[in-house]
Amino acid sequence: AVGASDIDGYRAFVEDYIPEQMRPDYLSALDNELRPSLLPAYDRVLAAADGHVWAQVYESDLASAHEWDVFDVQRRFVGRVHVAAGFYPMVISADAVVGVWRDPMGVEYVRAYRFTRF
């Protein structure tokens with residue numbers, strides 16, 4: 001369910017990252033009587049080269065760290081991966097995740113992180 005912290009997180013994101021002249025358009029949805037009362041379970045889904053599926057757990061604070069649920073080729077849950085704030089995975093191979101990381105000033109860097117098997 002949508003809670004006050006979700007609304008506050010979205011408002012903070014808009015105020016921090018959206019240009020001032022565009023903010024009213026983004027914030028008007030918060031006062032709309034038809035605003036959804038439920039949040040989605042997942043935000044993004046990526047298919048890995050090895051057949052695994054990664055689903056980003058929905059987080060209303062777009063700038064925060066994210067969790068990804070990972071499913072095997074039979075679509076069984078195999079675990080959760082924590083992704084640091086500012087990193088947006090784009091491609092997942094059998095041994096690494098590659099994406100874009102944005103620093104606090106919004107400068108983008110391509111980063112790759114190798115998987116460690118336990």
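**Exercise 1: a ring cluster.** Find which residues are linked into a cluster by ring pairs.

*Solution.* Start with the rule: rings of Phe, Tyr and Trp (its six-membered ring) pair if their centres lie within 6.5 Å. Planes under 30 degrees apart count as stacked, over 60 as edge-to-face, and the rest as tilted. With that rule, ring pairs join Trp 54, Trp 68 and Phe 115 into a cluster.

Before you go on, know what you're looking at: this is a predicted model, where local features need pLDDT of at least 70, side-chain atom pairs count only at pLDDT 80 or more, and totals for chains, interfaces and linings use all residues. Residues are numbered from 1 along each chain as its sequence is written, and side-chain values use heavy atoms, with hydrogens and water left out.

**Exercise 2: classify two ring pairs.** Work out how the rings of Phe 71 and Phe 77, and those of Phe 87 and Tyr 113, are arranged.

*Solution.*
- Step 1. Count first: the structure holds six aromatic pairs.
- Step 2. Take Phe 71 and Phe 77: their centres are 5.8 Å apart with 70° between the planes, an edge-to-face pair.
- Step 3. Check the surroundings of Phe 71: its relative accessibility is 17%, so it counts as buried (under 20% relative accessible area; exposed is over 50%, partly exposed in between; 1.4 Å probe, protein chains only).
- Step 4. Now Phe 87 and Tyr 113: the centres are 5.1 Å apart and the planes stand at 90°, so this pair is edge-to-face.
- Step 5. Place that pair on the chain: Phe 87 sits in strand 5 and Tyr 113 in strand 7 (residues 108-114), 26 residues apart, so the pair links distant parts of the chain. Strands here are DSSP runs (E, at least two residues), and helices are runs of H or I with at least four, numbered from the N terminus.
- Step 6. Look at exposure: Phe 87 is buried at 6% relative accessible area, whereas Tyr 113 is partly exposed at 36%.

**Exercise 3: the core.** List the residues of the largest nonpolar core and find which strands supply at least two of them.

*Solution.*
- Step 1. Get the rule: a nonpolar core is a set of buried Ala, Val, Leu, Ile, Met, Phe, Trp, Tyr and Cys residues joined through side-chain atoms within 4.5 Å.
- Step 2. The largest one has ten residues: Leu 46, Ala 48, Trp 54, Trp 68, Val 70, Val 83, Phe 87, Ile 92, Val 97 and Trp 101.
- Step 3. Strand 3 (66-71), strand 5 (87-92) and strand 6 (96-102) each give at least two of these residues.
- Step 4. Don't miss the second, separate core: it has six residues, among them Ile 7, Phe 13, Val 14 and Leu 30.

**Exercise 4: two neighbours in strand 2.** Decide whether Ala 55 and Gln 56 are buried or exposed, then look up their contacts.

*Solution.*
- Step 1. Ala 55 lies in strand 2 (residues 53-57), and so does Gln 56.
- Step 2. Ala 55 has 4% relative accessibility, so it's buried; Gln 56 is buried as well, at 3%.
- Step 3. Contact means heavy atoms within 4.5 Å. Leaving out neighbours within four places in sequence, Ala 55 is in contact with residues including Tyr 42, Arg 44 and Phe 71.
- Step 4. With the neighbours up to four places away left out, Gln 56 touches Ala 41, Asp 43 and His 66, among others.
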